[in-house]
Amino acid sequence: MHSPSPAGSRSPAGRPTGVVSTGSYLPTEVVGNDEIARRADVTSEWIVRKTGIRERRRAAPHEATSDLAAEAARRALRQAGLDPAALSYVVVATSTPDHPQPATAAIVQDLIGARNAACFDLNAVCSGFVYALAVTERMLRADGGTGYGVVVGADIYSRILDYSDRKTAILFGDGAGAVVLGPVPAGRGVLTTDLRSRGDAHGLISVPAGGSRRPASAATLDDGGHFFQMDGRAVRSFVHENLPGAVGDLLARARVDADRVAHFVPHQANGVMLAEVWPDLGLGSAALHLSLERYGNTGAASVPVTLDAVHRQGLLCESDLVLLIAFGGGMSLGAALLDWAPTAHAAPPALKRPLAVAGAH
């Protein structure tokens, strides 16, 4: 069910690596519930009651996933005061790439001028950012822990939704979030990660057509095979069955008591579902941070978008323990525990509209 040797756990080589800055980009078009409700034959109030979502962002026709990702990366680099040429890695987590090939990360590399970076995409659907963070942290430490990498979660789900399907159309928005990973003081940064997969449940979330099994054709277009599909009830069961154990295992591995966790930043899948599972996680001393009311579920972007918003609100203090967790198609689940130690050269711009926070520390 999960990796026998937890990916991202500390290796003896290299200095510790952590998040040194954050950034995000949300498209300018705001799409309220009324528009979505009309097409899905529900009401705006029904969407709020079922999900907690009131609005989301939609990418402009000229914007591709690489455009959103590049802008989020630029903002994270600007906050860190880091020249893109100093990057060793550009990693983009997405399940809505610009096209099958080349990798979206290669386009982002070109757009931001990270000419010395190795770059690749990672697809773990909505868990992708946490997976990419774990992989990139591991690579940087193996290199000696002196380099930098930018990790981006970016998705444009508005292009793959059937807006008559109320199970999926009400949930998703477009966006991108990024972090710069780099050297941090001893004992800080990414403390441990845990990546888990349940391939036997791969059918719960899918876009069935467009790959090698069902190549694009007139028939796949006619039968809606290119739309995002999800078994919502089964996904909810997966979350309830797997999130509490993943949190407990991660903290046990790090030898950290649950009451020491100050901030919990989960994948913003559904506000009602998160409220249901929250009491079972044992994180009563932590603040639960939510951005979904404003942005919806932004796929692989939801964790870094929320983390950037929390950072810009000034809620993260030096040495705070921050727990990130995400779950998505595959089925996949990724968790990471951070000892907050940003070394950004400039304070991040303040967020004009504060996000929702449940709990306090």
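Let me start with F228, which is found in the loop between helix 7 and strand 10 of what is, I should say at once, a predicted model. F228 is buried, because its relative accessible area is 4%, and the cut-off for that label is under 20%. If we leave aside the neighbours within four places in sequence, the residues in contact with F228 are Y157, I160, L161, T168, F172, I205, S206 and V207. As for a residue that F228 does not approach, take G284, which is 56 residues away along the chain, with 35 Å between the two C-alpha atoms.

Two of those contacts, Y157 and F172, bring me to the aromatic rings. How many aromatic pairs does the structure hold? There are four aromatic pairs, and I will go through two of them here. In general, a pair of aromatic rings is described by the distance of the centres and the angle of the planes. Y157 and F172 form a stacked pair, with 4.7 Å from centre to centre and 15° between the planes. Y157 sits in the loop between strand 6, residues 148-156, and helix 6, residues 166-169, while F172 sits in the loop between helix 6 and strand 7, residues 174-183, so this pair ties together parts that are 15 residues apart in sequence. Both Y157 and F172 are buried.

The second pair is made by F172 and F228, and here the arrangement is edge-to-face, with 4.9 Å from centre to centre and 65° between the planes. This pair links distant parts of the chain, since F172 is in the loop between helix 6 and strand 7, whereas F228 is in the loop between helix 7, residues 218-222, and strand 10, residues 229-230, with 56 residues separating them. F172 and F228 are both buried, and, taken together, the ring pairs link Y157, F172 and F228 into a cluster.

Let me now turn to helix 11, which runs over residues 302-312 and is mostly covered, with 11 of its 11 residues buried. Which residues are these? They are S302, V303, P304, V305, T306, L307, D308, A309, V310, H311 and R312, so you will notice charged side chains in the list, D308 and R312 among them. Helix 11 is followed by G314, whose phi is positive, near 75°.

For contrast in exposure, consider P102, which is found in the loop between strand 4, residues 87-93, and helix 4, residues 104-112. P102 is partly exposed, because its relative accessible area is 48%, which falls between the 20% and 50% cut-offs. The C-alpha atoms of P102 and F120, 18 residues apart along the chain, are separated by 9.2 Å.

Finally, the protein as a whole. It has 11 helices and 15 strands, and of its 361 residues 57% count as buried. A compact globule with 361 residues would have a radius of gyration near 21 Å, and the protein has 19 Å, which agrees. Along the principal axes, the C-alpha atoms fill a box of roughly 55 × 45 × 45 Å. Among contacts with a separation of 6 or more, 79% are accounted for by residues 24 or more positions apart. The protein exposes about 14,200 Å², and carbon and sulfur atoms supply 51% of that area. On the charge side, there are 33 positive and 35 negative side chains, and the centres of the two sets lie 2 Å apart.

Terms used: Residues numbered from 1 in each chain as written. Predicted model: local features only at pLDDT ≥ 70, side-chain atom pairs only at ≥ 80, totals over all residues. Heavy atoms only, no water. Phe/Tyr/Trp six-rings, centres within 6.5 Å; stacked < 30°, edge-to-face > 60°. Helix = DSSP H or I, 4+ residues; strand = E, 2+ residues; numbered from the N terminus. Buried < 20%, exposed > 50% of the residue type's maximum accessible area, 1.4 Å probe, protein only. Rg over C-alpha atoms; globule rule 2.2 N^0.38 Å. Contact = heavy atoms within 4.5 Å. Areas by Shrake-Rupley, 256 points an atom, 1.4 Å probe, with all protein chains shown as cover. Charge placed at Lys NZ, Arg CZ, Asp CG, Glu CD.
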